[in-house]
Amino acid sequence: MIKLAPYLAYAKKCFLGRSAYRFDHLMNILSTCLQIFIFWGIYHALYGENTEVDGITLPMVATNFVLSMGLGAVFSTNDYFFPDKIHDGSIATELLRPISVPGRMIAENAGNALFNLIFRFTPALVLSILIIGISAPAGVGMFILFLISVLLGYGVLWAISFSVQMTAFWFVNVWSITTIKNVFINVLSGSMIPLWFMPGWMKGVLYLTPFSSIYFTPVQIYLGQLTYQEIALKCAVQGMWIILIYLAGDFLWKKGQKKLVVQGG
Amino acid sequence: MRDIMHLVGVYTKTTARSWFQYRVDALLRSLAVFLRESTGVIVIYFTLLKFDNLNGWNIHELLFLYSLLFLTYGIMIIFFTGLRDFGRMVRSGNFDRFILRPRGLLFQLIFANADWFAAVGHGGLGLVLFVISAGKVGVIWNFKTVVYYLFAIMGGVLIQGAVFLFLATLNIYLFETSSLKELFYYNMRKFAGYPISIFHRAVQIIIIYIMPFAFVNYFPAQYLLRKEDMEGYPQIFLYLTPVVGVGMYLLAYLFWKFSIKYYKSSGN
């Protein structure tokens with residue numbers, strides 16, 4: 001049985017650590033809201049007189065942006081958790097501790113995510129609802145399934161971050177790789193362009209990548225666009241991506257530890 | 001004068017050398033900046049495959065609008081990196097070294113450092129977008145339009161440089177200004193990638209009168225493209241970019257001159 005107490009302590013520490021920077025926070029909330037308003041402004045103009053395009057109404061588009069960008073603000077993954085520790089050598093002391101290092105990363109990210117949920121997502125959501133309005137969830141059952149799918153979506157994002165971080169064992173500069181990874185996530189996850197409007201060939205490509213599992217699947221469930229069967233399938237796909245990507249990362253993590261040489265003392 | 005030019009040459013050589021010390025790394029970093037900044041462009045490209053125009057602007061016109069934003073930033077950052085990072089220099093006490101040298105402080109700040117990754121990433125993207133769009137937006141490139149374009153670029157560089165100079169100067173009074181920069185500069189710039197006429201009136205007022213990105217790309221692009229949504233604004237705005245640039249820069253410069261006397265070192 002794994003002991004949870006140390007992980008909870010890490011999560012709590014992270015949560016409290018974040019509370020110290022109030023001004024930073026306000027800026028973050030504002031930045032999330034502005035991002036949502038920009039895209040809402042664009043789609044407001046694109047729709048013009050049309051009430052719907054391809055069966056998608058403007059409130060549905062707004063819902064897609066508010067939820068995916070809001071969740072983007074919640075889903076915290078510290079992309080430099082491992083790279084920083086590998087570069088300054090503190091990974092060595094981390095490995096000596098009787099806890100799992102990826103486990104510690106999950107704990108810290110979870111603490112952060114909880115903080116973001118309360119203090120970033122909620123204010124941004126309230127502001128967005130007041131100013132642009134979003135659709136209500138398709139029902140209580142769907143809302144619960146949406147929450148499950150959100151957790152799985154976070155899992156996919158986390159697994160991608162974890163695996164990419166492992167490249168730090170081989171490359172000195174992971175900033176570039178991380179930045180490019182985030183470009184892919186931003187463009188292909190649906191948080192900046194609703195995936196309904198992607199051209200057909202692009203939708204085909206998206207089926208083969210994990211990106212639409214992050215935000216778009218939860219959004220579709222929230223809007224009631226999927227049948228129960230489709231939901232089961234999509235959630236299974238989310239689970240599959242988590243396992244596949246995590247295993248790839250774990251493989252690199254084990255290889256990296258064997259290769260690791262920390263200098264100095 | 002020759003002495004100054006020589007110093008500028010030496011500074012440029014050494015900074016370029018230090019930024020490009022590790023070639024593969026420098027290339028990767030520039031590529032990463034290029035791709036990161038392309039995000040918005042890729043998104044608008046896919047969006048316009050579905051909806052063929054945004055408030056009357058087609059994809060080439062939108063790329064042209066974007067290109068002005070990136071070109072001016074790419075040029076600006078070659079000169080104003082020192083001001084972007086001024087807060088950090090003040091906090092670490094490194095700025096004190098500049099005071100001891102027998103040259104103007106602003107001169108040193110402007111020429112002693114240049115973020116070449118940002119310059120290549122942003123400027124490169126601006127160039128690519130310009131090349132893609134310039135022939136397809138129906139602009140007749142003759143003496144008049146080329147001169148206008150060059151003045152517009154210069155004005156756009158000065159407007160953004162003035163904002164960096166102003167925010168750097170604030171560091172003399174305030175400890176931390178990076179959040180202010182994030183809010184006023186980087187967040188507002190996100191709006192400027194699109195025709196401002198699509199946004200709420202309040203956003204338009206901010207972007208014309210307070211953080212005047214509209215003069216960096218929207219109005220210059222309007223002069224060359226003459227889209228219908230220009231009707232909502234006074235015609236004179238089409239010609240003001242260089243004036244706004246020089247005016248803002250002079251104001252920021254006076255603010256700097258006035259404030260630098262009060263500089264107190266935080267280092268020891």
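Where in chain A does A:Asp54 lie? In this predicted model, A:Asp54 is found in the loop between strand 1 (52–53) and strand 2 (56–57) of chain A. The legends below take up that loop and several other close-up views.

**Figure 1. The loop residue A:Asp54 of chain A has a positive phi.** The phi of A:Asp54 is about 55°, although the residue is not a glycine. The loop that holds A:Asp54 connects strand 1 (52–53) with strand 2 (56–57) of chain A. A:Asp54 has 7 other C-beta atoms within 10 Å and is therefore exposed, the limit for that class being 12 or fewer.

**Figure 2. B:Arg226 of chain B also has a positive phi without being a glycine.** For B:Arg226 the phi is about 50°. The residue belongs to the loop between helix 11 (218–225) and helix 12 (241–260) of chain B. B:Arg226 counts as exposed because the number of its C-beta neighbours inside 10 Å is 11.

**Figure 3. Chain B as a whole is built from helices, with 0 strands.** Its secondary structure comes to 12 helices, and from the N terminus on the elements run α-α-α-α-α-α-α-α-α-α-α-α. The radius of gyration of chain B is 19 Å, close to the 18 Å that the globule rule gives for 268 residues, so the chain is as compact as a globular protein of that length. The C-alpha trace of chain B spans about 60 × 40 × 35 Å along its principal axes. Of the 268 residues in chain B, 40% are buried. Among contacts in chain B with a separation of 6 or more, 81% are between residues 24 or more positions apart.

**Figure 4. Helix 2 and helix 3 of chain B pack against each other in a roughly antiparallel arrangement.** The axes of the two helices come within 10 Å and cross at roughly 170°. Angles over 145 degrees count as roughly antiparallel, which is why helix 2 and helix 3 of chain B are placed in that class. On helix 2 of chain B, the contact is made by B:Glu37, B:Val41, B:Ile44, B:Tyr45 and B:Leu48. Helix 3 of chain B contributes B:Ile59, B:Leu62, B:Leu63, B:Tyr66 and B:Phe70. By class, the residues of this contact are 9 nonpolar, no polar and 1 charged.

**Figure 5. Chain B meets chain A through an interface to which helix 2 of chain B gives the largest share of the chain B side.** In this interface, 26 residues of chain B are in contact with 24 residues of chain A. On the side of chain B that touches chain A, the elements that give two or more residues are helix 2 (23–50) and helix 9 (178–192) of chain B. Helix 2 of chain B supplies 14 residues of that side. The residues of the side of chain B that touches chain A comprise 15 nonpolar, 5 polar and 6 charged.

**Figure 6. The largest nonpolar core has 129 residues.** A:Ile42 and B:Ala162 touch the most other members of this core. Helix 3 (residues 59–84) of chain B provides the largest share of the core, 16 residues. Leaving aside neighbours within four places in sequence, B:Ala162 is in contact with B:Met248, B:Tyr249 and B:Ala252. Another core, of 6 residues, lies apart from the largest one and has among its members A:Phe82, A:Ile86, A:Met166 and A:Ala168.

**Figure 7. A:Trp241 is a buried residue of chain A.** A:Trp241 has its place in helix 11 (residues 228–259) of chain A. The residue is buried because 22 other C-beta atoms lie within 10 Å, where 20 or more are required. A:Trp241 and A:Leu157 are 84 residues apart in sequence, and their C-alpha atoms are 9.7 Å apart in space. Not counting residues up to four places away in sequence, A:Trp241 touches A:Val156, A:Pro210 and A:Ser213.

**Figure 8. B:Asn217 is a buried residue in a loop of chain B.** The loop lies between helix 10 (201–210) and helix 11 of chain B. B:Asn217 has 27 C-beta neighbours inside 10 Å and therefore counts as buried. B:Asn217 and B:Gly156 are 61 residues apart in sequence and 7.4 Å apart in space, C-alpha to C-alpha. B:Gly156 is also one of the residues that B:Asn217 touches, along with B:Leu65, B:Leu68, B:Leu69 and B:Ala192, when residues up to four places away in sequence are not counted.

Note on methods
Residues are numbered from 1 along each chain as its sequence is written. Chains are lettered from A and ligands numbered from 1 in the order in which they are written. This is a predicted model: local features need pLDDT of at least 70, side-chain atom pairs count only at pLDDT 80 or more; totals for chains, interfaces and linings use all residues. Two residues are in contact if their C-beta atoms, placed from the backbone, lie within 7 Å. Helices (H or I, at least four residues) and strands (E, at least two) are DSSP runs, numbered from the N terminus. Ala, Val, Leu, Ile, Met, Phe, Trp, Tyr, Cys and Pro count as nonpolar, Asp, Glu, Lys and Arg as charged, and the others, Gly among them, as polar. A nonpolar core is a set of buried Ala, Val, Leu, Ile, Met, Phe, Trp, Tyr and Cys residues joined through C-beta atoms within 7 Å. The radius of gyration is taken over C-alpha atoms; the globule rule is 2.2 Å times the number of residues to the power 0.38. Axes are lines fitted to C-alpha atoms, for helices over the stretch in contact, and angles run from 0 to 180 degrees between N-to-C directions. Angles under 35 degrees count as roughly parallel, over 145 as roughly antiparallel, 65 to 115 as roughly perpendicular and the rest as oblique.
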